[in-house]
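Okay, thanks for making time, everyone. I'll put the structure up and then just talk through it.

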Amino acid sequence: MKKFNVYVTRLVPVEGLTLLRESCTVEVNPEDRPLTRDELLKNVKGRDGVISLLNDRIDGEVMDAAQGIKGFANYAVGFDNFDVKEATKRKIPMSNTPGVLTDATAEMAWALLFAVARRVVESDRIMRTGTWPGWGPMQFIGGDVKGKTLGVAGAGRIGTAMALMSKGFAMKVLYTDEIANTVLEKELGAKKVPFEQLLRESDFVSVHVPFMPSTRHLFNAKVFAMMKPSAYLINTSRGPVINEAELVEALKKKVIAGAALDVFEFEPKMVAGLAELVNVVVTPHTASATISSRTGMSVKAATNLLAMLKGERPPDCLNPEIYG
Ligand SMILES: NC(=O)c1ccc[n+]([C@@H]2O[C@H](COP(=O)([O-])OP(=O)(O)OC[C@H]3O[C@@H](n4cnc5c(N)ncnc54)[C@H](O)[C@@H]3O)[C@@H](O)[C@H]2O)c1
């Protein structure tokens, strides 16, 4: 029987590739870097299926180049790089990897929250540079966490997990979402509030909304001005949800106390001025980078693609309407 012809745009953990190799010939981008647009267009040609990453824009042009393709499986839960509408028009299924990276991402939000509030990175720097003069009562005073108010913007899978992890710190939890989150309300007594109230009352705002036209620059100068001057902003969702240039200004002027970011508006770059600020902690989009999470993503992407190759609806289908 002829094997399916699959392309993977960047090396992912072997578990998913092994699954695919049972019934597919699998070609993986041999370079340890994202494909250029031209390389992407060239490499999707003649494939039965593709596993893509969040930096591969899969739009009509790619679909034109991938004539006859049976599906695209994203190695990510966010799918703002997919033109799902266009794929649906062409009856091409698409999938993502929800769930397997929820805890890893929520844990990273906490790592960032503590890092910025307790000034861990600044402190690490002073130790490594040998410039610590010895213990001092006024050094590196940061923000308290226990008993403070946590505001979760977007209480979906990751926002819920992040909020539930606050239990040990006896925090008051506020959240925004389109729908009521009964788990958070029952488990934590969390309150669904209007966005403005969340901004005004939270000591920590953790962002977990997907990136889409309605959430582009959801956080901007006007929003920062509504936050407490002592508040911290944590973003592990997608960079363009924050207006990064306006965030730099807000941080410079101490409109808010600090920010911790895993994602950036123009990845892999940061906007001018961000790197120079001490009240900022930055990580290179690694919130899902744990062994179980990345392995799970690899298996999920492969499982979804295998279903699509067989003409079946994938478990994490983004456009189920194409199956009628
Ligand atoms: N940094 C990373 O490596 C990393 C890892 C995983 C996920 N992510 C990002 O996290 C996002 C969330 O993932 P998830 O699995 O929790 O998704 P999800 O769909 O379960 O949750 C998103 C929630 O946001 C809500 N929402 C949408 N617009 C909103 C708005 N304007 N205000 C308030 N709430 C709004 C939705 O109703 C939903 O409940 C993903 O879309 C992805 O972009 C980043």
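So, start with helix H1, residues 14-21: H1 lies across S1, S2 and strand S3, which is 49-52. Relative to S2, H1 runs at about 145°. Then there's helix H12, residues 291-309, which also packs on the sheet. H12 touches S1, S2, S3, strand S4 (71-74) and S5, and its direction makes about 170° with that of S4. Keep in mind that this is a predicted model.

Now the sheet under those helices. It's an open sheet of 5 strands, paired in parallel, and the order is S2-S1-S3-S4-S5. Which strands stand at the edges? Those are S2, at 24-28, and S5, at 94-95; each has a single partner strand, so one side of each is left without a neighbour in the sheet. If you zoom in on S1, residues 4-8, you'll find 5 bridges joining S1 to S2, with the two running parallel. One pair to click on there: valine 6 has valine 26 of S2 as its bridge partner.

Okay, second sheet. This one has 7 strands, again open and with parallel pairing, in the order S8-S7-S6-S9-S10-S11-S12. The edge strands are S8 (191-192) and S12 (280-282), each with a single partner strand, so one side of each has no neighbour in the sheet. Over at the S12 end, strand S11, residues 258-261, pairs with S12 in the parallel sense over 3 bridges. Alanine 260 stands opposite valine 281 of S12. As for helices on this sheet, H7, residues 157-164, lies across strand S6 (149-153), strand S7 (172-176) and strand S9 (204-207). The angle between H7 and S6 is about 170°.

Right, the ligand, which is probably what you were waiting for. There are 25 residues around the ligand, and the ones that come nearest are Arg157, Ile158, Asp177, Thr236 and Asp262. What do the polar contacts look like? A polar backbone atom of arginine 157 sits 2.9 Å from a ligand oxygen. Aspartate 177 uses its side chain: a polar atom there is 2.6 Å from an oxygen atom of the ligand. And aspartate 262 puts a polar side-chain atom 2.9 Å from a ligand nitrogen. How much of the ligand's accessible area does the protein cover? On its own the ligand has 860 Å², and the protein covers 86% of that. The shell around the ligand comes out as 9 nonpolar, 11 polar and 5 charged residues.

Last bit: some backbone details. Most residues other than glycine have a negative phi, and most peptide bonds are trans. Arginine 119, though, has a positive phi, near 55°. That residue is in the loop between H5 and H6. Its sequence neighbour on screen, arginine 118, is in the loop between helix H5 (102-117) and helix H6 (120-128). Leaving out residues up to four places away in sequence, arginine 118 touches Ser123 and Gly143. Also, the C-alpha atoms of arginine 118 and valine 145 are 9.2 Å apart, with those positions 27 residues apart along the chain.

And where's the cis peptide bond? It runs from glutamate 267 to proline 268, with omega near 5°. Proline 268 is in the loop between S11 and S12.

That's what I've got. Happy to rotate the view if anyone wants another look.

Note on methods
Residues numbered from 1 in each chain as written. Predicted model: local features only at pLDDT ≥ 70, side-chain atom pairs only at ≥ 80, totals over all residues. Heavy atoms only, no water. Pairing = 2+ DSSP bridges. Helix = DSSP H or I, 4+ residues; strand = E, 2+ residues; numbered from the N terminus. Contact = heavy atoms within 4.5 Å. Axes fitted to C-alpha atoms, helices over the stretch in contact; angles between N-to-C directions. Near = heavy atom within 4 Å. Polar contact = N/O pair within 3.5 Å; in protein donor to acceptor, adjacent residues only side chain to side chain. Areas by Shrake-Rupley, 256 points an atom, 1.4 Å probe, with all protein chains shown as cover. Nonpolar A, V, L, I, M, F, W, Y, C, P; charged D, E, K, R; others polar.
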